[in-house]
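Got the viewer open? Let's take a short walk through this structure, one selection at a time.

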Amino acid sequence: MNVPVVPLRDVLVPAPVVRAGERQLPILSMTMHHGLVNQDLKFKKRVASANTAQYKVVRGDQLVVGFPIDEGVLAFQKLHAEAIVSPAYDVWDVCRRETVDERYLERFLRSPVALAYYKAKLQGTTARRRTLPDQVFLSLGVRLPLIGEQRRIADILDRADALRSKRRDTLTGLGELSHSIFHHMFGQYLQRPAVTTDSAQEPLPQGWRRAKLSAVARLATGHTPSRRKPEYWGGGIPWLSLTDIRRADGTVIKATGESVTQDGIDNSSSVVLPEGTVCFSRTASVGFVTVMGMSMATSQDFVNWVCGPELTPRYLMACFIASREPLRAISAGSTHRTIYFPTVERFHVVVPPLELQREFAACMEVIDKMKAQYQSHLKKLDELFASLQHRAFHCGL
């Protein structure tokens, strides 16, 4: 069956700009996975300008396009009869409602084929500030079957995507459960951050103490082998990078994107750290933390702690997570924030009884297994969803 492909300009037209003025309307923000959401639900507080007079009014049947568009940050407004969005967003009207299903159109505009088109056509030099001119956006061809078929396709994709959302929500919930268990077991005794540069001794239960971190764990730093020496890279020693630690934040990392050779280690003053080392990012992504699931090497961007007999790695990692914001607050620098080593050497930590730390670690191992299971399910659902999208927008489901 031949299905017409029409340019987007036959489907969408720019909506007349309506400013909020003095009207008090719900404020919406754009998200990658959930489209438009009430701003207070996304940020837990108002982040819009105090003066929203220039914000754009968007009706419940209009399309809102954010930026960067190649990340699929666009959605139809379905939450309110009227709401307001950032003046930086574009608002569009559907001009052929009798032939276009909004859910189908939104799915198409966020599909891989559309995202590839946006990415190829973006203009500008600054990565996340590149723009897509309206006329280029409107030149995108959209496969437009009969309205009934569009609704059927949208129903299938909605159901598949709902399963993915449930898996993501479960993974988020497991992360929150980890934090709750930590605070239940230790938080009532941590009147100060779990990791701090303050050596003051607040009252602690019997068997607990506050210690200088260097007294209960060994501080180790890394160095980066020369990138000009290809023989230093691609060896058998996993190399932990800032990208890896962002991905593994709060979990045990067992795979990295790069590796180095023993020659690279020997000629860079770097060291291979043992399994169980706690790695804390002190630059760029300050506060991201992971536990090595195998022997690895790192750059000087990390503060690495090899736990002594009084500390378990999972407890120390949780301490860093619980203290993330206070530690970020003591980082220095205006453009690139950094925690310098003289500050690191003043770190103190609350040390509970080892049995309690081991009990916490056992709970985290159970959660880790559940996370791995749900991540595997999510990966398969992502693959299924990608296959359905390809069929829907290339040859039909």
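Start by selecting helix 2, residues 102–109. Look for Tyr-104, Leu-105, Glu-106, Arg-107, Phe-108 and Leu-109: these are buried, meaning under 20% relative accessible area with a 1.4 Å probe and protein chains only (exposed is over 50%, partly exposed in between). Because six of its eight residues are buried, helix 2 is largely enclosed by the rest of the structure. Helices here are DSSP runs of H or I with at least four residues, strands are runs of E with at least two, and both are numbered from the N terminus.

Before moving on, zoom in on the start of helix 2: a side-chain oxygen of Asp-101 comes to within 3.2 Å of the backbone nitrogen of Arg-103.

A quick note on what you're viewing: this is a predicted model, where local features need pLDDT of at least 70 and side-chain atom pairs count only at pLDDT 80 or more, while totals for chains, interfaces and linings use all residues. Residues are numbered from 1 along each chain as its sequence is written, and side-chain values use heavy atoms, with hydrogens and water left out.

Next, pick strand 3, residues 28–31. Leu-28 and Met-30 point one way, Ser-29 and Thr-31 the other, and all are buried. Add strand 4 (35–38), which runs antiparallel to strand 3 and is joined to it by four bridges; strands count as paired if DSSP finds at least two bridges between them. Ser-29 has Val-37 as its bridge partner, and a hairpin of three residues links the two strands.

Last stop: strands 16, 14 and 19, an open, mixed sheet in the order 16-14-19. Its edge strands are 16 (258–260) and 19 (297–298), each pairing on one side only. Strand 14 (233–240) meets strand 16 antiparallel over four bridges, with Pro-238 partnered by Ser-259.

Methods:
Polar contact = N/O pair within 3.5 Å; in protein donor to acceptor, adjacent residues only side chain to side chain.
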